[in-house]
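Let's work through some exercises on a protein structure, one step at a time. Have the sequence and the 3D view ready as you read.

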Amino acid sequence: MGRRSSAGRVSSILVAAFLFLQQVTVIARNASAWLTLTGNAPAIVAKGGFSGLFPDSSRDAYSFALIASSPDTILWCDVRLTKDGLGICLPDIKLDNCTDISNVYPNGQNVYLVDGLNTTGWFSVDYSIQELSTVAVTQSIYSRIFRFDFNNYAILAVEDVVTNFEPPGLWLNIQHDIFYSQHNLSMTEYVLSVSKRVTVNYLSSPELAFLSSIAADFSNSDTKLMFRFLGKDIAEPSTSQTYGSLLNNLTYIKTFATGILVPKRYIWPVTSDNYLLPYTSIVKDAHKLGLEIYAADFANDNSFSYNYSYDPLAEYLSFIDNGVFSVDGVVTDFPITPSEAIGKPLIISHNGASGDYPDCTDLSYQKAVDDGADFIDCPVQVTQDGIAICMSSIDLIVDTTVTKSPFASRLSSIPEIQNTLGIFTFNLTWDEIQKNLKPLISNPESTYQLVRNPRYANAGSFMRLSDFLAYAKDKPLGGVLINIEYAAFIAEQLGFSVIDLVISALNDAGYYNQTALEVMILSTNSSVLVEFRQKTKFKLVYKIDESIRDAVASSIVEIKEFADAVAIHRQSVYPVTQQFTTSQTDIVPKLQNAGLAVYAYLFQNEFVAQPWDFFSDATVEINSYVQGAGVDGLITDFPATASAYKRNSCRKMGKNAPSYMSPVQGGGLLQLVSSQSLPPALSPMPVLDVSDVVEPPLPPVAPRLALSPAVADTAPSPSQLSGELRLVSSLFVSLSLACVSLLLV
């Protein structure tokens with residue numbers, strides 16, 4: 001073929017950049033412990049190679065699957081036949097869905113009958129292998145990254161995959177046998193022919209007649225024949241029975257097949273709102289008959305049950321290591337399910353386990369404890385009556401149902417806090433909040449229609465700081481983290497000292513007289529930490545609230561005067577442009593060399609939250625920050641994911657760890673993007689200067705102004721707060737619901 005890649009043609013950049021992290025099949029355990037049919041570890045099958053990142057069936061997709069995954073990874077090829085009878089690997093029968101053929105042959109469109117339906121497109125049966133040599137493979141799933149589409153990946157024949165990549169195993173998936181027969185091409189003849197030239201370890205098909213017709217020819221070979229089930233309501237083409245009905249006749253399938261390949265939801269079905277139902281008996285039924293069973297449709301960037309909290313590793317483990325059964329293998333677009341965990345990063349919750357329950361509620365904190373967080377956190381806000389509460393935002397619109405409450409009219413504009421209208425914690429008393437508002441779960445990636453645990457979107461109870469401290473005291477934790485912001489405004493304008501409220505609550509809860517739980521105070525304001533340094537002996541964490549590329553020496557010296565640790569944004573470690581990392585900074589070792597612990601924030605499981613370099617997988621990202629950057633702690637919405645990373649039995653392998661457990665190289669993936677498709681260069685991030693750190697002392701606490709009963713159900717008047725706290729005009733009050741609707745869009 002015109003652009004056929006040579007054996008082992010993978011750039012040194014690719015090799016150096018992405019040798020890391022182990023797959024789900026290489027979890028450190030004895031083979032005899034697996035509940036597969038044979039007792040061996042489940043197989044990992046890379047569908048079209050590493051197709052979650054590179055175009056399916058492309059050179060780099062196949063190369064990278066073998067580099068980044070288990071040494072036993074099996075390469076999957078969806079076989080299509082050309083006009084001259086050669087088998088090629090492409091994910092779709094319509095070439096315009098996975099190649100640039102419509103540009104190369106703009107007049108090549110045809111209409112053919114495929115599975116009983118008239119289908120319009122470009123088809124391999126109209127082109128010889130030579131004619132296809134000028135056609136390039138492209139990304140077939142349009143929600144995925146397109147920037148590798150201009151790398152001119154050649155269409156690969158089945159023999160190319162074997163010759164060029166020498167995979168440990170080859171899986172050929174055969175579909176549309178009837179279609180090829182209508183074009184005077186024989187898939188049976190091709191399969192029998194190619195199996196004599198290369199080793200085919202697995203041969204699957206959703207067409208019962210085709211698979212049963214070739215069974216005798218493979219009866220004495222090592223090739224495993226797998227009957228592939230499609231959706232339960234889809235009709236199998238040769239019998240017209242639905243796949244759901246064929247599921248009840250596994251005994252017959254056993255007469256010609258070694259095993260079955262099923263959609264993962266055959267095993268773990270889900271409800272209409274995407275929660276897990278009890279697992280079915282299909283794995284045990286298949287094993288009882290001596291059939292292997294493989295699960296398909298795994299993809300880190302696809303929707304999966306809310307029960308997994310957007311953690312793909314958790315989903316894989318539910319299929320292979322749940323203590324009841326294990327499938328014999330998984331077919332996945334992302335053949336890199338990390339399990340290695342060298343090092344023990346501190347796990348700090350962010351508003352509790354806010355990826356699973358509404359921020360700062362009893363349920364969120366309980367989940368964080370259950371999931372293995374070392375520290376749970378309380379962002380302290382102050383109510384109108386001076387109660388310190390745990391609330392992720394000072395603006396109640398963000399994390400409560402206040403806009404649907406009797407207090408929806410209490411909108412005010414406070415430029416010192418934010419540029420938009422808000423209903424702030426100090427606009428309501430604790431009693432009003434507790435009795436009239438419900439929590440509202442955070443959905444940071446709702447732009448991508450990814451929402452968190454919708455069944456529990458308003459579940460849980462709010463907590464005062466005193467409740468939080470009492471709750472944490474008898475839990476298996478390393479300590480608590482108290483986050484304080486807006487202290488100067490609250491002291492000067494509202495007449496409360498947040499610092500005194502926190503110190504008093506800690507003292508009342510007995511945290512001064514115990515050593516079991518450590519207390520950390522976090523703030524973006526050095527003035528807050530300076531005052532805590534003067535009054536307490538707690539551990540102090542300075543949060544840098546913008547991404548930086550470096551810090552001048554004098555700024556680090558200044559931080560050391562009032563802090564023990566620094567919290568930095570993830571992009572301060574791996575700068576990102578349009579979802580690609582561009583490099584790795586040296587800010588972490590620079591801060592650590594000054595004696596400061598470094599915590600990185602904010603980690604999320606939603607696949608859109610990770611740059612492409614981390615393969616849409618939160619654990620890959622965690623490993624890179626721990627192994628590659630050496631951070632001391634992780635601040636995360638999903639403590640369970642970080643905890644699973646820490647617990648893995650492979651983390652003590654040290655120098656004996658395989659090369660694929662290494663972290664990513666910042667900016668490595670960009671080097672594989674063609675120049676014409678590169679994203680714009682990242683503007684230089686700022687350097688932290690001493691002037692960014694030093695602040696004047698906190699202002700003295702102003703006298704508090706009492707609120708009269710006459711305004712109990714309306715917004716406080718300017719005279720009751722300060723000239724800086726302006727009430728919305730009567731026009732805005734009358735239109736408050738409309739304003740709030742706009743804010744929430």
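The exercises below take up confidence, pockets, aromatic rings and backbone angles in this predicted model.

**Exercise 1. Find out how confident the predictor is along the chain, and where the pLDDT is under 50**.

Step 1. Begin with the whole chain: the average pLDDT is 87, and 87% of the residues score at least 70.

Step 2. Now look at residues 338-343, where the pLDDT stays under 50. The model has 30 contacts beyond four places in sequence for these residues.

Step 3. Move on to residues 706-745, where the pLDDT is also below 50. This stretch has 62 contacts in the model beyond near neighbours in sequence.

**Exercise 2. Describe the largest pocket: its space, its lining and the kinds of residues there**.

Step 1. Start with the volume: the largest pocket holds about 1100 Å³ of space.

Step 2. Next, go to the lining, which has 44 residues. The closest to the pocket's centre are Ile141, Tyr142, Ser143, Arg144 and Asp333.

Step 3. Ask which elements give two or more residues to this lining: they are strand E2 (74-81), strand E12 (292-298) and strand E13 (329-332).

Step 4. Sort the lining residues by kind, and you get 18 nonpolar, 13 polar and 13 charged.

**Exercise 3. Do the same for the second largest pocket, and name the element that gives the most to its lining**.

Step 1. The volume of the second largest pocket is about 890 Å³.

Step 2. Its lining is made of 35 residues, and His350, Asn351, Asp359, Ser392 and Ser393 are the closest to the centre.

Step 3. Two or more lining residues come from each of strand E15 (375-382), helix H13 (396-399), strand E19 (479-484) and strand E26 (597-603). With four residues, E15 gives the most.

Step 4. By kind, the lining of the second largest pocket splits into 15 nonpolar, 13 polar and seven charged residues.

**Exercise 4. Classify the ring pair of tyrosine 62 and phenylalanine 165, and decide whether each residue is buried or exposed**.

Step 1. For background, the model has 40 aromatic pairs.

Step 2. The ring centres of tyrosine 62 and phenylalanine 165 are 5.8 Å apart. Their planes stand at 40 degrees, so this pair is tilted.

Step 3. Place the partners in the chain: tyrosine 62 belongs to helix H2 (residues 59-68) and phenylalanine 165 to helix H4 (residues 158-165). They are 103 residues apart, so the pair links distant parts of the chain.

Step 4. Buried means under 20% relative accessible area. Tyrosine 62, at 0%, counts as buried, and phenylalanine 165, at 9%, counts as buried too.

Step 5. Look also for an aromatic cluster: Phe50, Phe54, Phe64, Phe148, Phe334, Phe580 and Phe615 form one.

**Exercise 5. Look at the backbone: where is the cis peptide bond, and what are the phi values of glutamate 166 and serine 616?**

Step 1. The bond from tyrosine 601 to leucine 602 is cis, with omega near -5 degrees. Leucine 602 sits in strand E26.

Step 2. Glutamate 166 has a positive phi, near 45 degrees, though it is not a glycine. You will find glutamate 166 in the loop between H4 and strand E8 (169-174), and its relative accessibility of 63% makes it exposed.

Step 3. Serine 616, again a residue other than glycine, has a positive phi near 55 degrees. Serine 616 lies in the loop between E26 and helix H21 (618-628), and with a relative accessible area of 3% it is buried.

Definitions and conventions: Residues are numbered from 1 along each chain as its sequence is written. This is a predicted model: local features need pLDDT of at least 70, side-chain atom pairs count only at pLDDT 80 or more; totals for chains, interfaces and linings use all residues. Side-chain values use heavy atoms; hydrogens and water are left out. pLDDT is the predictor's confidence in each residue, from 0 to 100. Contact means heavy atoms within 4.5 Å. On a 1 Å grid over the protein atoms alone, a cavity is a set of points where a 1.4 Å probe fits but cannot get out, and a pocket is an open set with protein on both sides within 12 Å along at least five of seven lines; lining residues have an atom within 4 Å of a point. Grid points are joined across faces, edges and corners, and a volume is the space filled by probe spheres set on the points. Ala, Val, Leu, Ile, Met, Phe, Trp, Tyr, Cys and Pro count as nonpolar, Asp, Glu, Lys and Arg as charged, and the others, Gly among them, as polar. Rings of Phe, Tyr and Trp (its six-membered ring) pair if their centres lie within 6.5 Å; planes under 30 degrees apart count as stacked, over 60 as edge-to-face and the rest as tilted. Buried means under 20% relative accessible area, exposed over 50%, partly exposed in between (1.4 Å probe, protein chains only).
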